[in-house]
Amino acid sequence: MKNLLIVYYSYTGGTAQMVEAAAEAAQQEDGTEVRVVHAEDCRPDDMLSADGYIFATPENLAAIAGVMKAFFDRCYYPLLGRIEGRPYAAMICAGSDGENAKVQLERIATGWRLRKVIDSLIICTHAQTQEQILAPKTIGESDRQRCAETGATLSAGLAMGVF
């Protein structure tokens, strides 16, 4: 049995909906156990017990959310040299373009020597005003499907030994 760990943070619900879609699809794959852990609660042992990862975060001020950054800060050195080569995917819920958050997350994963096996997914909500940014988000069905494909692909790849 392979283990897929989804680590996420969500403030206005958009990233949580993305994770829900990815996790539901990933759980459909026989041979893969899926765990979803909030970034605040994820510890190095959680990462060590997984065979692959999905990291999901909102874009905040053109970067990954602070809570997600705190997770990476807390786990980075204890895991350095211990999870090399494991597959990962990333999902970003952006208000603008999400590119800087994507670059930041991918650089951290590169430092761990993780292997990106799926292009990082950016779902843009186009929230630009203070009211839009702080409002609860709704991720549309076509974007939820894209998240589901990320979860299903990583889960199937783990189960088949492709990743």
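## A guided tour of the predicted model

In this predicted model, residues 24 or more positions apart make up 84% of the contacts with a separation of 6 or more. Keep that in mind as we go from stop to stop.

**Stop 1: the whole chain**

Start with everything shown as a cartoon. You should find six helices and seven strands, arranged along the sequence as β-α-β-α-β-β-α-β-α-β-β-α-α. The radius of gyration is 15 Å, close to the 15 Å that the globule rule gives for 163 residues, so the protein is as compact as a globular protein of that length. Turn the model along its principal axes, and the C-alpha atoms fill a box of roughly 45 × 35 × 25 Å. Now switch on the surface: the accessible area is about 7,800 Å², and 47% of it belongs to carbon and sulfur atoms. Of the 163 residues, 50% count as buried.

**Stop 2: helix H1**

Select residues 14-26, which form helix H1. How far apart are its end C-alpha atoms? They are 19 Å apart, which agrees with the 18 Å that 13 residues should span at 1.5 Å a residue.

This helix is mostly covered, with ten of its 13 residues buried. Show side chains for the buried set: Gly14, Thr15, Gln17, Met18, Val19, Ala21, Ala22, Ala23, Ala25 and Ala26. What do these residues pack against? Their partners are strands E1 (2-8), E2, E3 (52-60), E5 (87-94) and E7 (121-124), together with helix H6 (141-160).

**Stop 3: Thr32, at the start of E2**

Next, pick Thr32 in strand E2, which covers residues 32-38. Is Thr32 buried or exposed? Its relative accessibility is 7%, so Thr32 counts as buried. Draw a distance from its side chain to the backbone oxygen of Ser155, and you should read 3.0 Å. Apart from residues up to four places away in sequence, Thr32 touches Met1, Lys2, Leu4, Ser155, Leu158 and Ala159.

**Stop 4: Leu154 in helix H6**

From Ser155, step back to Leu154, which lies in helix H6. With 0% relative accessibility, Leu154 counts as buried. Which residues surround it? Beyond its neighbours within four places in sequence, Leu154 is in contact with Leu4, Tyr53, Ile54, Pro87, Tyr88, Ala89, Val117, Ile118 and Phe163. Leu4 is also on the contact list of Thr32. For a sense of scale, the C-alpha atoms of Leu154 and Ile123 are 18 Å apart, with their positions 31 residues apart in sequence.

**Stop 5: salt bridges**

How many salt bridges does a search of the whole structure find? There are five, and three are worth a visit here.

- Select Asp46 and Arg35, whose side chains meet at 3.2 Å, N to O. This pair links distant parts of the chain, with Asp46 in helix H2 (residues 44-48) and Arg35 in strand E2, eleven residues apart. Asp46 is buried at 16% relative accessibility, while Arg35 is partly exposed at 35%.
- Move to Lys69 and Asp73, where the closest N and O atoms are 2.6 Å apart. Both lie in helix H3 (residues 66-79), four residues apart, about one turn of the helix. Lys69 is partly exposed at 30% relative accessibility, and Asp73 is partly exposed at 46%.
- Finish with Glu106 and Lys116, which form a salt bridge at 3.3 Å, N to O. Here too the pair links distant parts of the chain: Glu106 is in helix H4 and Lys116 in strand E6, ten residues apart. Glu106 is buried at 15% relative accessibility, whereas Lys116 is partly exposed at 36%.

**Stop 6: two loops with positive phi**

Most residues other than glycine have a negative phi, which makes the next two selections worth a look. Arg113 has a positive phi of about 65 degrees although it is not a glycine, and you will find Arg113 in the loop between helix H4 (99-111) and strand E6 (115-116). The other is His126, with a positive phi of about 60 degrees, in the loop between E7 and helix H5 (130-134). His126 counts as exposed at 57% relative accessibility.

**Stop 7: Glu131**

End the tour in helix H5, at Glu131. Its relative accessible area is 59%, so Glu131 is exposed. Draw one last distance from its C-alpha atom to that of Trp112: the two are 19 residues apart along the chain and separated by 37 Å.

Terms used:
Residues numbered from 1 in each chain as written. Predicted model: local features only at pLDDT ≥ 70, side-chain atom pairs only at ≥ 80, totals over all residues. Heavy atoms only, no water. Buried < 20%, exposed > 50% of the residue type's maximum accessible area, 1.4 Å probe, protein only. Polar contact = N/O pair within 3.5 Å; in protein donor to acceptor, adjacent residues only side chain to side chain. Contact = heavy atoms within 4.5 Å. Expected span 1.5 Å × (residues − 1). Rg over C-alpha atoms; globule rule 2.2 N^0.38 Å. Areas by Shrake-Rupley, 256 points an atom, 1.4 Å probe, with all protein chains shown as cover. Salt bridge = Lys/Arg side-chain N within 4 Å of Asp/Glu carboxyl O.
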